[in-house]
Amino acid sequence: MKKIIPALILPVAALLIWTSLLEFRILSGRQIRLKITGYDPRDLLSGHYMRYNLDLAGVNPCTEMKSGLSCVCLSDSRDGIHHEASYQRECYGIEADASCSVYLRGSCESGRFTTGLERFSIPELWAPELAILPQNSSAAISVDSNGIGQVTEIFVDNAPLENYVLRRRSEKLMLQPSPTGN
Amino acid sequence: MNLEKSLERWSKAGLISEKQLADIRQFELEEPSASWVIFGLSGLGVSVVMIGLISLIAANWYEISPNVKLIGYFASLMMIGFFAYKRDGTPGVIRESLLSAFGLYVLAGVGLVGQIYHLESDGYSALFFWLLIILPVSLATQSRLLNNIWFMGFATAVSLWVADSNWGVYGKDPDLSRFFISVSLPYVFLALGYSLPHIVSERFCAAARFWSYVTLLIPFAFAGNIAWAHADGSEFWDKAGSLYLVPLIAAVFAIVCASFRKVYPGKFLTYAICVTIFASILLSLVPLSTPIGKHEILGCALFIGVWAGAATIAAAIERRRLFDFCALVIGVRFVVVYFEVFGSLAATGIGLIFSGGVILGTAYLWHKYRGKVAKKIKEAA
């Protein structure tokens with residue numbers, strides 16, 4: 001019976017460590033923001049998620065490489081928080097590249113560059129307001145020193161996504177005719 | 001109820017005396033064994049409670065902050081783990097329910113963390129992670145249910161992994177290495193199930209053997225039968241190259257481990273296992289690997305051979321219900337053959353009457369002789 005104690009502790013410890021690593025990446029990573037563009041507003045198969053593409057300003061590491069790892073260097077921010085991709089390069093030795101202070105690591109699949117950051121969980125109640133990805137949307141990402149990012153929030157016109165949803169709902173209510181018909 | 005009927009039969013046959021009959025009845029009254037009804041009802045009760053809890057939380061899910069969700073989750077996980085530890089030494093419904101709930105709750109936790117941190121997943125990575133961290137619990141416990149859940153999860157993860165390798169994607173060649181690795185896995189687990197019971201958990205090894213046979217007998221055998229009837233394996237053969245050796249080596253490994261097993265020893269059983277494994281390889285791999293052409297009869301014969309092997313194994317280890325089930329599948333396959341050959345006759349009234357007579361006659365003969373067949377196999381084993 002005693003051998004079950006470490007066996008029961010292991011999954012709890014594994015989940016705790018995993019959660020701690022994810023949280024540490026958010027707290028210690030460099031905060032950037034990247035524009036996002038529409039792809040498939042809701043991924044029905046994965047539950048309540050927004051799916052989108054990261055806007056890398058035309059930089060596509062996968063035009064010549066169909067599959068494999070690749071990295072994208074991000075330019076310095078113009079207004080303090082926004083970034084866009086400046087160029088792509090191989091990930092090997094990227095840490096030593098002084099001109100690439102912030103970079104994102106990803107992989108090419110079928111000619112598309114994916115970083116694992118193209119999904120954001122939303123409440124199902126927000127689905128009507130988010131059937132189409134709002135314009136001027138951007139993703140706040142925390143990037144660690146290895147180029148691995150973590151999405152923390154989606155912004156629309158510099159306001160959190162929740163604010164956008166609430167604003168859209170109030171606009172819809174104002175547009176609805178009153179019960180008396182006036 | 002079944003026990004009562006059996007006691008009456010044994011008493012009438014003179015196998016047990018009146019005193020023994022009374023003693024057995026008294027014993028069962030004092031220590032009733034758990035029935036499947038209790039297991040089923042308990043499982044249903046646990047499920048309903050869990051669904052209620054989940055519904056309550058789900059209705060207010062996005063109002064709860066991520067930190068509260070995580071703290072609440074880990075606190076409840078540790079609580080379930082504590083109670084599971086307390087009950088582990090006592091077999092029964094409560095132990096099965098707690099350990100299974102713990103295992104599934106860990107899986108829920110993987111999903112929860114993925115949702116809170118917006119993680120991208122292909123599905124099978126999360127499942128493999130869950131399987132890895134829950135494996136020690138499966139090995140350490142005597143719970144049957146948790147071990148079966150583990151193998152069901154493993155089968156699901158492997159299926160998703162294979163499906164993710166460009167099958168059906170236009171202009172892309174599927175990753176055949178994943179396919180052949182997945183085909184070899186039942187043989188690998190069969191080998192582990194026969195060779196490791198005295199080293200790791202017997203329950204885990206028993207589940208490994210069970211699920212390996214289920215995989216070989218159902219998806220592999222049915223797909224193989226269809227492939228023998230329709231497939232031309234020459235194109236596959238050109239692309240796969242030496243990958244065919246992977247399941248072949250795995251099958252040989254399984255045969256070797258089965259031959260040197262300590263669980264259910266016996267030469268006859270060894271032969272039955274080896275023949276079943278060999279027949280399954282011929283059934284599932286040959287039509288995909290050779291331009292041998294379409295041979296419906298050979299495919300049907302191999303299908304029946306695999307299931308007959310399984311029936312023999314079931315009879316040799318005294319699993320009467322499994323033996324009956326295997327025999328049923330063989331019987332149905334014979335009936336299908338009959339309709340495949342004489343199908344057009346069944347469109348007429350006379351044809352249907354004759355077909356029905358064949359089915360009834362087969363059922364009668366089976367009912368009359370199945371006990372003797374099972375007994376002969378058991379004596380040979």
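This is a chat about the cores, the chain interface and the salt bridges of a predicted model.

Q: Let's start inside. How many residues does the largest nonpolar core have, and which have the most contacts in it?
A: That core has 50 residues, and Tyr187(B), Ile273(B) and Trp307(B) have the most contacts inside it. Helices H8, H9, H11, H12, H14, H15 and H16 of chain B each supply at least two of its residues.

Q: Which helix gives the largest share?
A: H14(B) does, with twelve residues.

Q: And what is Trp307(B) in contact with, leaving aside neighbours within four places in sequence?
A: On one list are Leu217(B), Ile218(B), Ala221(B), Phe222(B), Phe325(B), Cys326(B), Val329(B) and Ile330(B). Apart from the largest core lies another one of 45 residues, and Leu15(A), Leu22(A), Ile80(B) and Leu127(B) are among them.

Q: On to the interface. How many residues does each chain bring to the contact?
A: Chain A brings 31 residues and chain B brings 32. Together the two chains bury about 2800 Å², with 72% of that on carbon and sulfur atoms.

Q: How many salt bridges and polar contacts does the rule find across it?
A: There is one salt bridge across the interface. Arg51(A) pairs with Glu120(B), and their closest N and O atoms are 2.6 Å apart. The rule also finds five residue pairs in polar contact, both residues being at pLDDT 80 or more.

Q: Which elements of chain A supply the side that touches chain B?
A: Helix H1 and strands E2, E7 and E9 of chain A each supply at least two residues. The largest share, 15 residues, comes from H1(A). By class, that side of chain A has 19 nonpolar, six polar and six charged residues.

Q: Changing topic: how many salt bridges are there over all chains?
A: The count comes to eleven. One of the pairs is Asp144(A) with Arg25(A), at 3.4 Å from N to O. Asp144(A) sits in the loop between E8 and E9 of chain A, while Arg25(A) is in helix H1 of that chain, 119 residues apart.

Q: What about Arg167(A) and Glu171(A), where do they lie?
A: Both are in helix H2 of chain A, four residues apart, or about one turn of the helix. Their side chains meet in a salt bridge at 3.9 Å, N to O.

Q: Why does Arg167(A) count as partly exposed?
A: Because its relative accessibility is 37%, between the 20% and 50% cut-offs. Glu171(A), at 36%, counts as partly exposed too.

Q: Which residues are linked in a salt-bridge network?
A: Glu129(A), Arg169(A) and Lys172(A) are.

Terms used
Residues numbered from 1 in each chain as written. Chains lettered and ligands numbered in written order. Predicted model: local features only at pLDDT ≥ 70, side-chain atom pairs only at ≥ 80, totals over all residues. Heavy atoms only, no water. Core = buried A, V, L, I, M, F, W, Y, C linked by side-chain atoms within 4.5 Å. Buried < 20%, exposed > 50% of the residue type's maximum accessible area, 1.4 Å probe, protein only. Contact = heavy atoms within 4.5 Å. Buried area = accessible area lost by both parts, 1.4 Å probe. Salt bridge = Lys/Arg side-chain N within 4 Å of Asp/Glu carboxyl O. Polar contact = N/O pair within 3.5 Å; in protein donor to acceptor, adjacent residues only side chain to side chain. Nonpolar A, V, L, I, M, F, W, Y, C, P; charged D, E, K, R; others polar.
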